[in-house]
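Me: I am in my first year and would like a close look at a single part of this model. Could you take me slowly through the nonpolar patch on the surface and the rings found there?

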Amino acid sequence: MYQNSQQPQDRRSVPMTTAAIVLSAIAVSTVCCVYLSFICGIMGIIFALLSKGGEQTMSRNAKTALWVSCAAVVLSAVLLAGAFFAMLVQYGSLEAFWEAYQEMMEAYSSMLPPVE
């Protein structure tokens, strides 16, 4: 007699894994564009975690996308913190930076032709 020996179906989501891979690639390639990298990196992390479906483990591609997305978010955060630190070293404080910024904007606006 024939027994019904079906293999358990893999419930992992391939489209979610693909989306995680694409978003992690975008996040790494746009590390210098901090906001875009943060958004794509975080969405890549979320999609990689959601790709598990009902399974206990993630696929190898989803794990890779997860780690690449995490690295992109960390690199963006380090770059943003470094820029903030460089600003503090250059100007001494946020108030000094703001004053220098306002002076530059006044100088540039005085060079513009008058609006009729």
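Reply: What follows goes through the patch first and then its aromatic rings.

This is a predicted model, in which local features need pLDDT of at least 70 and side-chain atom pairs count only at pLDDT 80 or more, while totals for chains, interfaces and linings use all residues. Residues are numbered from 1 along each chain as its sequence is written, and side-chain values use heavy atoms, with hydrogens and water left out.

Tyr91, Trp98, Tyr101, Met104, Met105, Tyr108 and Met111 make a nonpolar surface patch of about 750 Å² (patches take residues with over 30% relative accessible area and no salt bridge, nonpolar side chains being joined within 5 Å; a salt bridge is a side-chain nitrogen of Lys or Arg within 4 Å of a carboxyl oxygen of Asp or Glu; areas come from the Shrake-Rupley method with a 1.4 Å probe). Helix α4, residues 94-111, gives the largest share of the patch, 6 residues (a helix is a DSSP run of H or I with at least four residues).

Tryptophan 98, which sits in helix α4, is partly exposed at 46% relative accessible area (buried is under 20%, exposed over 50%, partly exposed in between). Tyrosine 91 is also partly exposed, at 32%, as is phenylalanine 97, at 26%.

Turning to the rings, there are 3 aromatic pairs (ring centres within 6.5 Å; planes under 30 degrees apart are stacked, over 60 edge-to-face, the rest tilted). The rings of tyrosine 91 and phenylalanine 97 have centres 5.3 Å apart and planes at 65°, so this pair is edge-to-face. Ring pairs join Tyr91, Phe97, Trp98 and Tyr101 into a cluster.

Notes:
Patch = residues over 30% accessible without salt bridge, like charges linked within 9 Å, V, L, I, M, F, W, Y side chains within 5 Å. Helix = DSSP H or I, 4+ residues; strand = E, 2+ residues; numbered from the N terminus. Buried < 20%, exposed > 50% of the residue type's maximum accessible area, 1.4 Å probe, protein only. Phe/Tyr/Trp six-rings, centres within 6.5 Å; stacked < 30°, edge-to-face > 60°.
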